[in-house]
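Please open the model in your viewer and keep the selection tool at hand. The stops below are meant to be followed in order, one selection at a time.

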Protein chains: 2
Amino acid sequence: MATSQQIHLVSRPTGMPTHNNFKQVEITLPELQDGEVLIKNTWMSVDPYMRPRMIDRESYIEPFKLNDVMDGGAIGEVIESRNNQFPVGSKVTHLSGWRTAHISDGSDLTLLPDVPLPDQLFLNTMGMTGLTAWAGLTKVITLKETDTVFVSAASGAVGSVVCQIAKLKGCKVIASVGSDEKARMVKDLGVDAVINYKTVENLTQALQQAAPQGIDVYFENVGGDHLEAALNVMNDYGRIPVCGMISGYNNDTAQPGPNNLFFINSKKLTVQGFIVIDYFDQFPEFIEQMGAWLSEGKVKSEETVYEGIENAVNAFLGLFEGKNKGKMLVKL
Amino acid sequence: MATSQQIHLVSRPTGMPTHNNFKQVEITLPELQDGEVLIKNTWMSVDPYMRPRMIDRESYIEPFKLNDVMDGGAIGEVIESRNNQFPVGSKVTHLSGWRTAHISDGSDLTLLPDVPLPDQLFLNTMGMTGLTAWAGLTKVITLKETDTVFVSAASGAVGSVVCQIAKLKGCKVIASVGSDEKARMVKDLGVDAVINYKTVENLTQALQQAAPQGIDVYFENVGGDHLEAALNVMNDYGRIPVCGMISGYNNDTAQPGPNNLFFINSKKLTVQGFIVIDYFDQFPEFIEQMGAWLSEGKVKSEETVYEGIENAVNAFLGLFEGKNKGKMLVKL
């Protein structure tokens, strides 16, 4: 009988999660039924949005259940099949991550396209991460080549793709990151200026110096001080696609917002929240564009890899400790 | 020689302005030149947006100068004319308020249309106030008749028009006001539910009770607690046209924003600041629509009138003390 190692959420974290909130559990998988396949997962994704899912409250996505396996993006290979659509050897993406093996009737599986790209890119630039960056810049707002774009968490999974797309669109790009090493990374991606927010005294001043002409677009991944600085430096009619606000995800009690929201009014700003799910129907257009950029070497897929399901929790916690450059992945 | 009584700003207020920040000054007007007219002002407008103009900082509109007359919307009658376009007896609107008389070469004047409406409506429902409400609901966002609309400062100049337009569009309207008397007023305007924010214990709970199905549109006039409550109760894809944030205008030091801005992301909200100036080109369309509503009795022009230039500062201060129901006007 096949087994699967799974990561369960066993208690709801308050503040920064710890290993005590999670438990690795071995389960025995049932025999395959007609139409089913057994998938050995090879890669899984850990993402900041999973932290709010650990809280038991209504949101756009169901909270994780206690004492049950979590889920998230994953890539795997079919190793046993009773479904003609997915013969043994098929490589697939699906949403049953946080486990080493998965039985499916096929309805939740997408075959990886037959392109000469590493598999894990379909959890990164060619997957939801890339789609998020692309949709945020080209569907939520309309980017103009004259725009000055400020990107927070710029060395992160989404941020590093946002920087590159904005440069490809001809924009001036200012990146905020949390270490000098990450600053070098985003410089290598071609951004025009980098701010290490951990070492600058005043984020607004640093942003003003980097963008004396003001910023037109703020790609919001962080919230808090970053949003405040962006509002201070935004030009009239600036646009703020809101992809996430990671700075608040581990706060036990909600922290107050910026004290300068009035600029939304006086500068006539548009602040627009979005969730990548709403752009799934544009996957074909995205894949065509991103596939071309990748094959022409115009976009680089940055990644940080942890090995083994036993390190999945470490990888997840690392997201909030600034451990990742680019997409955080677990190789199973 | 003609004279004019003018209100000067003589010091920049910190916190709530006082009479000491202002001074009434009598000036002697020069002889009219060819092409000029002398206007006796009959009405002037005081508006919340004038408070931020008393601070010396860059914004969408120039700060008021110290020791100089302020300006703002006004209506007057030509009493001496050397300009054929504006013969004696012409009624005009212009932006040289805060004074009893004004000399103009005509370039800043608009003739009042010849309609059977009280003059002062052109500072209220038929003027910038009405245009602000109308543009915010029909141009900044697109209102649907299925929308539940929450309006803060609902008994104010813009708010009272927003309530009525939203009802005319078939929406459910929930109003927030600061007294029981104002609650009665907005009830008379047809809103579905009223919250007196000064007497409820918890604004979010009150809003949830008034809108168990959630709110789709929040017309933002206030900021602070009102924005926080609205974010808590917004439905997915809700829209927040930001017309103003009066709760912060008299704060000496900027106050922190709501602690739940993350809902902008997770609920996929659009928050859009706007300034009425950007909609001036739509004045003809607006006037036609609003004129029809007024003549059919479908919109009421609420007003609070102070008498005499010597009460102009009292009228202005009254805006922040909740003294006005509807548009605050000074009859000169």
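A residue counts as exposed when its relative accessible area is over 50%, as buried when that value is under 20%, and as partly exposed in between. Keep in mind throughout that this is a predicted model.

**Stop 1: an exposed partner in chain A**

Select Glu62(A), which has a relative accessible area of 54% and is therefore exposed. Then add Lys65(A) to the selection, since Glu62(A) forms a salt bridge with Lys65(A), and the closest N and O atoms of the pair are 3.7 Å apart. Over all chains, the structure holds 26 salt bridges, and two from chain B come later in the tour.

**Stop 2: a small group of strands in chain A**

Now select strands 1, 2 and 4 of chain A, which form an open sheet in the order 2-1-4 with antiparallel pairing. The edges of this sheet are strand 2 (22-28) and strand 4 (68-69) of chain A, each of which pairs on one side only. Strand 1 (residues 3-9) of chain A runs antiparallel to strand 2 of chain A, and 7 bridges join them. To see one place along this pairing, pick Thr3(A), which stands opposite Thr28(A) in strand 2 of chain A.

**Stop 3: strand 16 of chain A and its two neighbours**

Select strand 16 (residues 327-331) of chain A, where 4 of the 5 residues are buried, so that the strand is mostly covered. Which way does strand 3 (residues 37-45) of chain A pair with strand 16 of chain A, parallel or antiparallel? The sense is antiparallel, and the pairing of strand 3 with strand 16 in chain A extends over 3 bridges; within it, Met44(A) has Val330(A) as its bridge partner in strand 16 of chain A.

Next, show strand 15 (residues 303-307) of chain A, which pairs with strand 16 of chain A in the parallel sense over 5 bridges. Here the bridge partner of Thr304(A) is Met328(A) in strand 16 of chain A. If you follow the chain from strand 15 of chain A, you pass through helix 9 (residues 312-319) of chain A before reaching strand 16 of chain A, and this β-α-β crossover is right-handed.

**Stop 4: helix 9 in the other copy**

Move to chain B and select helix 9 of chain B, which is mostly covered, with 7 of its 8 residues buried. The buried residues of helix 9 of chain B are Ala312(B), Val313(B), Ala315(B), Phe316(B), Leu317(B), Gly318(B) and Leu319(B). What should you display around helix 9 of chain B to see what covers its buried residues? The cover includes strand 1 (3-9), strand 2 (22-28), strand 3 (37-45), helix 1 (50-53), strand 15 (303-307) and strand 16 of chain B.

**Stop 5: two salt bridges in chain B**

Select Glu181(B) and Lys325(B), whose side chains meet in a salt bridge at 2.8 Å, N to O. This pair links distant parts of the chain, with Glu181(B) in helix 4 of chain B and Lys325(B) in the loop between helix 9 (312-319) and strand 16 (327-331) of chain B, 144 residues apart. Glu181(B) counts as partly exposed at 45% relative accessibility, and Lys325(B) counts as partly exposed at 27%.

Then select Asp192(B) and Lys167(B), where the side chains also meet in a salt bridge, at 2.8 Å, N to O. Because Asp192(B) lies in the loop between helix 4 (180-188) and strand 11 (193-196) of chain B and Lys167(B) lies in helix 3 (residues 157-168) of chain B, the pair ties together parts that are 25 residues apart in sequence. Asp192(B) is partly exposed, with a relative accessible area of 35%, and Lys167(B) is partly exposed as well, at 26%.

**Stop 6: where the two chains meet**

Finally, display both chains together. A turn of 180 degrees, with a shift of 0.0 Å along the axis, lays chain B on chain A with an RMSD of 0.0 Å. The two copies are thus related as by a two-fold rotation axis. To find that axis from chain B, select Gly257(B), whose C-alpha comes closest to it among the residues of chain B, at 2.0 Å. The same surface serves both copies, with 100% of the contact residues of chain B recurring in chain A.

The contact takes 31 residues from chain B and 31 residues from chain A. Between them, chain B and chain A bury about 2500 Å², 61% of it on carbon and sulfur atoms. In chain B, select Leu261(B), Phe262(B) and Asn265(B), which lose the most area to chain A and together account for 22% of what that side buries. How many salt bridges are there between chain B and chain A? The count is 0.

How values were computed: Residues numbered from 1 in each chain as written. Chains lettered and ligands numbered in written order. Predicted model: local features only at pLDDT ≥ 70, side-chain atom pairs only at ≥ 80, totals over all residues. Heavy atoms only, no water. Buried < 20%, exposed > 50% of the residue type's maximum accessible area, 1.4 Å probe, protein only. Pairing = 2+ DSSP bridges. Right-handed = clockwise from strand over helix to strand, strands pointing away. Least-squares fit on C-alpha atoms with pLDDT ≥ 70 in both. Contact = heavy atoms within 4.5 Å. Buried area = accessible area lost by both parts, 1.4 Å probe. Salt bridge = Lys/Arg side-chain N within 4 Å of Asp/Glu carboxyl O.
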